Amino acid sequence: MSDTAGDTTTVAPSRWEGAPLPEPAEGGRKSRRGRLHRWDLRWSPYAFVAPFFLFFGVFGLFPLLYTGWASLHRVELTAPDEMEWVGLRNFSRLLGDEFFWNALTNTVTIGLLSTVPQLLIALGLAHLLNQRLRGSMFFRVAVLTPYATSVAAATLVFVLLFGRDHGMINWALGLAGLDAVDWQNGAWTSQLAVSTIVVWRWTGYNALIYLAAMQSIPHELYESAALDGASPRQQFLHVTIPSLRPTILFTCVVSTIGATQLFGEPLLFNGGAGATGGADHQFQTLGLYLYEQGWVNLHLGRASAIAWAMFLILLIIGAVNWLVARRLRRSS
């Protein structure tokens, strides 16, 4: 019987001992999925917003900067690559251009004639639609129908309505014992007619904005006013209107911006006379004057200066909006 207690024989280590074990395939896939998940969380938001900035840069920022550069040059639309530096001369010429001031005055007048009635009617319609009406969804869709109508189709219909010899408006005036009105050739009448088209198209859109704001007003305010003895008219004046002040300010600013850029309605209302806005430029807006200078007279530099003048006007409107909104927030 042999004694094995003192046997100190050692076994030689394997050549693979101490070497790192290969990573399992499943663990590698999980690691890759984790990295992809982290990259997705980090970069996906930028990928989602990238198309907007791409299209804005191509169709928004670049035209704005190029127009500003062209406004400092004498350049014709027939040769846009041939520019002659004139500095601020195109802008200084606008200050002494009677047609520019006429277009600006017409824009302000048409803007007032269309914005004020439009928002007042929209407020009244929204108040009616906010009541419990049978078929309320039908009426809400109906008031939005003019907004979905083509500008060209709506304007051509109104041209027929305001026709001097066979228009329905003059026919109704004749029934009332009044003389026919030459809507297109009169200064105030033509501006009133163009404003009517704008009112018809945009009243329903603003009414739905007011309706959405009215539905967000807490009912507790109306209940408290009713307990205090306020009539429905008093509730509308002292609860609804104050609660709608931010929304009313928003619609005023948006409508003013739209009036500043008014183009389609006066262009089509003029028939085949082009961008002159009537025989005496009586309803030529800034948009029409820009189009006339750039695409009729081919003066691209002057048209660019008009475009930047309109842009500066919109900046002023935005600044006034910011100041008024800030004051409203402080008062509330």
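Guide: In this text a helix is a DSSP run of H or I with at least four residues, numbered from the N terminus. The structure is a predicted model.

Visitor: In which helix does G204 lie?
Guide: G204 is buried because its relative accessible area is 4%. Leaving aside neighbours within four places in sequence, G204 is in contact with V143 and L144. The helix that holds G204 is α7.

Visitor: How many residues apart in sequence are G204 and A122?
Guide: In space the two residues G204 and A122 are 6.4 Å apart, C-alpha to C-alpha. Along the sequence, the separation of G204 and A122 is 82 residues.

Visitor: Is α12 mostly covered or mostly uncovered, and how many of its residues are buried?
Guide: Residues count as buried under 20% relative accessible area. The residues of α12 that meet this are L286, G287, L288, Y289, L290, E292, Q293 and G294. The helix is thus mostly covered, and of its 11 residues the number buried is 8.

Visitor: What covers the buried residues of α12?
Guide: Helix α12 spans residues 286-296. The cover over its buried residues includes α3 (98-129), α10 (245-260), α11 and α13.

Visitor: E292 is buried; which side chain of opposite charge is nearest?
Guide: E292 is found in helix α12. A salt bridge needs a side-chain nitrogen of Lys or Arg within 4 Å of a carboxyl oxygen of Asp or Glu. E292 has no salt bridge, and at 9.6 Å the nearest side chain of opposite charge is R302.

Visitor: With which side chain does E292 make a polar contact of 2.8 Å?
Guide: Not counting residues up to four places away in sequence, E292 touches A275, T276, H281, Q284 and N297. The side chain joined to E292 by the 2.8 Å polar contact is that of Q284.

Visitor: What is the phi of H281?
Guide: H281, one of the residues that E292 touches, lies in the loop between α11 (264-269) and α12. H281 counts as buried because its relative accessibility is 15%. Although H281 is not a glycine, its phi is positive, at about 60 degrees.

Visitor: Which residue takes a positive phi just after α12?
Guide: The residue lies in the loop between α12 and α13 (300-331). With a relative accessible area of 29%, it is partly exposed. Its phi is about 65 degrees, a positive value in a residue other than glycine. The residue is L298.

Visitor: How many salt bridges does the structure hold?
Guide: Side chains of opposite charge can pair when their charged atoms come close. One of the pairs here is E84 with R74, with the closest N and O atoms 2.8 Å apart. The number of salt bridges in the structure is 4.

Visitor: Which strands hold E84 and R74?
Guide: E84 is partly exposed, at 44% relative accessible area, and R74 is partly exposed as well, at 35%. E84 and R74 form a salt bridge. The two residues lie in separate strands, so the pair ties together parts that are 10 residues apart in sequence. E84 is in β2 (residues 79-85) and R74 in β1 (residues 73-76).

Visitor: Which residues are linked with R164 in a network of salt bridges?
Guide: R164 forms a salt bridge with D165, the closest N and O atoms being 3.4 Å apart. In the salt bridge of R164 with D182, the closest N and O atoms are 4.0 Å apart. That pair links distant parts of the chain, with D182 in the loop between α6 (168-175) and α7 (187-215) and R164 in the loop between α5 (151-161) and α6. The residues linked with R164 in the network are D165 and D182.

Visitor: Is D165 buried or exposed, and at what relative accessible area?
Guide: Its partner R164 is partly exposed, at 46%, and D182 is partly exposed at 26%. Exposed means over 50% relative accessible area. D165 is exposed, with a relative accessible area of 56%.

Visitor: How much accessible area does the nonpolar patch with V49 have together?
Guide: V49 lies in helix α1 (residues 25-70). V49 is partly exposed, at 39% relative accessible area, and a patch residue needs over 30%. Members of the surface patch include V49, W39, W43, F52 and F53, and its residues together have an accessible area of about 1,300 Å².

Methods: Residues numbered from 1 in each chain as written. Predicted model: local features only at pLDDT ≥ 70, side-chain atom pairs only at ≥ 80, totals over all residues. Heavy atoms only, no water. Buried < 20%, exposed > 50% of the residue type's maximum accessible area, 1.4 Å probe, protein only. Lys, Arg positive; Asp, Glu negative; His and termini not counted. Polar contact = N/O pair within 3.5 Å; in protein donor to acceptor, adjacent residues only side chain to side chain. Contact = heavy atoms within 4.5 Å. Patch = residues over 30% accessible without salt bridge, like charges linked within 9 Å, V, L, I, M, F, W, Y side chains within 5 Å. Areas by Shrake-Rupley, 256 points an atom, 1.4 Å probe, with all protein chains shown as cover.
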